Structure formats: C-alpha cells, structure tokens
Amino acid sequence: MVFRRMLRAMGVGGPSVETELVNPNCRPGGYLEGQVRVAGGDHAVDVEYLAVGLITRVEVETGDAEYNTDQEFQRQRLTGSFRLDPQARYDVPFRFDVPWETPITEVYGQRLHGMTMGLTTELEVARAVDKSDLDAVAVHPLPAQELVLDALLRLGFRFSRADVERGRVYGVEQRLPFYQEIEFYPPPAYATGINQLELTFIATPELLQVVLEIDKRGGLFGEGHDAFGKFDVDYQTADQVDWAGQLDNWLRQSAQRRGLYF
C-alpha cells in the first residue's frame, strides 16, 4: 500500500493530458484554437485546474552574468477544480488570445534563427506530480511588420538571428517584460558605416512601434557607437508609405552624423 502511494505521488498511473491545435500558425493580436484531451489514469484524482500558456526563450542579464530561461507571458485557465475518475476522458475546447507584443518566429516561411515559441498545457493535480504538454507555435508577422521587413530586405539587409531580451525599451508603450531584437547583416552599400542593424517591433491594437538600433563602425579618430531611431506605423495607411526610402534616409543620416559616409 505504501509503495502504491509512492508511485501515485510520482505520477505513475495518473492522468495524461494532450493538446491539439487547429492551426499552430498565428499572428500577434490573433488567437490559437484547439482542444485539450484529458484522460484519467488507474485511480481517481482531484484536479485543481487545467490551463494553457504561451512561453518563449528569454535572455536575462544580471550584472556580469547572462543566462537563458523559458518565460510564460500569457496564461488562460480552462477549468476550475474537478474530480477525474479512473479511465475518464474529457475534451476541453479553448480559444487562446495571442498578445500583440508576441515575438515573431517565422518570416517568409522560414524560422527565425534563435527563436523558440510554444503553447504549454498544465494539469494541476492535488498532492501529485503535475502533468504537462508542449506544442510548438509559429508566429507570423503582421502585414505592417512585413512591410518594414520587406523594405530592409530590398535595401540588401540579410537576417542574422533573433532573440528575446528581458527588459524595457525606452520611449515606447510596452506591456510585456521583454522585447524581441531581430538582427541583420548590412549590405556592402552600408557596410562602411554599419556593423549591424537591430530591429524591434512593439505592436499595439492601434499602431506598430518600430525601434531601430545600428552598431556603427568607428571613424578614423573615434570609436563606433550605437544610434537609435523610433517611428510609428499606422495600420490603415502603412501600405501607402515608401518604407525602403524612409529607412534608407534614416540610416544614411544617422551614419553621416558620425562622419561616416556610404
């Protein structure tokens, strides 16, 4: 009897949980739909709740140390407490809202190198090991984000990698405790003035906030340093703007203020 209780405490013979998404693809501000399949084990258990949450890998800097951790940033409870009988089966449908600031993971059908995103399912069982499931999620850019990305690619910039960093971006409306940086290699036309370009999107329901940071090359008599730029994109008129022209103008002016020309 004692051995059986120990096995139950370790989750042996307990319930199982599996999530099925209707479509693992979504956009910031959109939603994911699916259902969670819960199956009882060989003994009855008291379930405290069933929940789903969106998680991503986040880079954290603390003093001189740096590490990566998985962070849940949106959570939704699907049930309250209930009794799960042996061998019982329940299907729990759900619709999960994806936050506007959710980092993108896919561009033009390709996974952004460095990005991780998943929907986790948690079955909290009283006095036992929790059961969980994890499903990969692909977050595609909003149309306004695609316009900015397309403009940079037309200027010759190439994707390097992307990551998510814990912290806040100065001067923008931000709700989540982290932000995404998408890094680009400069084309030859800009390479004499720019080492690297970093792009951050902070989306809201009303507009898209875009933050650019360029790592400048040092001049003849000085070291390189970073330059920042910020602009807002109106969703309604975004397709009426020459984004390649505007970005090219800002990049050239920013580099030239440092005495660098390309």
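**Entry 1: D46 and its partner**

I looked up D46 first in this predicted model. D46 has a relative accessibility of 31% and is therefore partly exposed. I then asked which side chain D46 meets in a salt bridge. The partner is R83, with N and O 2.8 Å apart. I noted where the two residues sit: D46 belongs to strand β4 (residues 45-62) and R83 to strand β6 (residues 82-84), so the salt bridge ties together parts that are 37 residues apart in sequence. For R83 I read a relative accessible area of 46%, which is again partly exposed.

**Entry 2: salt bridges in total**

How many salt bridges does the count come to? I recorded 12 salt bridges.

**Entry 3: R161 and D163**

I turned to R161, which forms a salt bridge with D163. Their closest N and O atoms lie 3.5 Å apart, which I checked against the limit of 4 Å for a salt bridge. Is D163 buried or exposed? D163 is buried, at 7% relative accessible area, and the cut-off for this class is under 20%. R161, in contrast, is partly exposed at 31%.

**Entry 4: a pair within helix α4**

I next examined R252 and D248, whose side chains meet in a salt bridge with an N to O distance of 2.9 Å. Both residues lie in helix α4 (residues 243-256). Their separation is 4 residues, about one turn of the helix. I noted R252 as partly exposed, with a relative accessible area of 26%.

**Entry 5: a network**

I also looked for salt bridges that join into a network. One such network of salt bridges links E20, R37 and D91.

**Entry 6: the sheet β1-β3-β7**

I then traced an open sheet of 3 strands, in the order β1-β3-β7, with antiparallel pairing. Which strands stand at the edges? They are β1 (16-21) and β7 (89-97); each has a single partner strand, so one side of each is left without a neighbour in the sheet. For the turn between neighbouring strands of this sheet I recorded 25° on average, direction ignored.

I followed the pairing of β1 with strand β3 (residues 31-39), which is antiparallel and runs over 6 bridges. Within this pairing I looked up S16, and found that its bridge partner in β3 is A39.

How values were computed: Residues are numbered from 1 along each chain as its sequence is written. This is a predicted model: local features need pLDDT of at least 70, side-chain atom pairs count only at pLDDT 80 or more; totals for chains, interfaces and linings use all residues. Side-chain values use heavy atoms; hydrogens and water are left out. Buried means under 20% relative accessible area, exposed over 50%, partly exposed in between (1.4 Å probe, protein chains only). Two strands pair if DSSP finds at least two bridges between them. Axes are lines fitted to C-alpha atoms, for helices over the stretch in contact, and angles run from 0 to 180 degrees between N-to-C directions.
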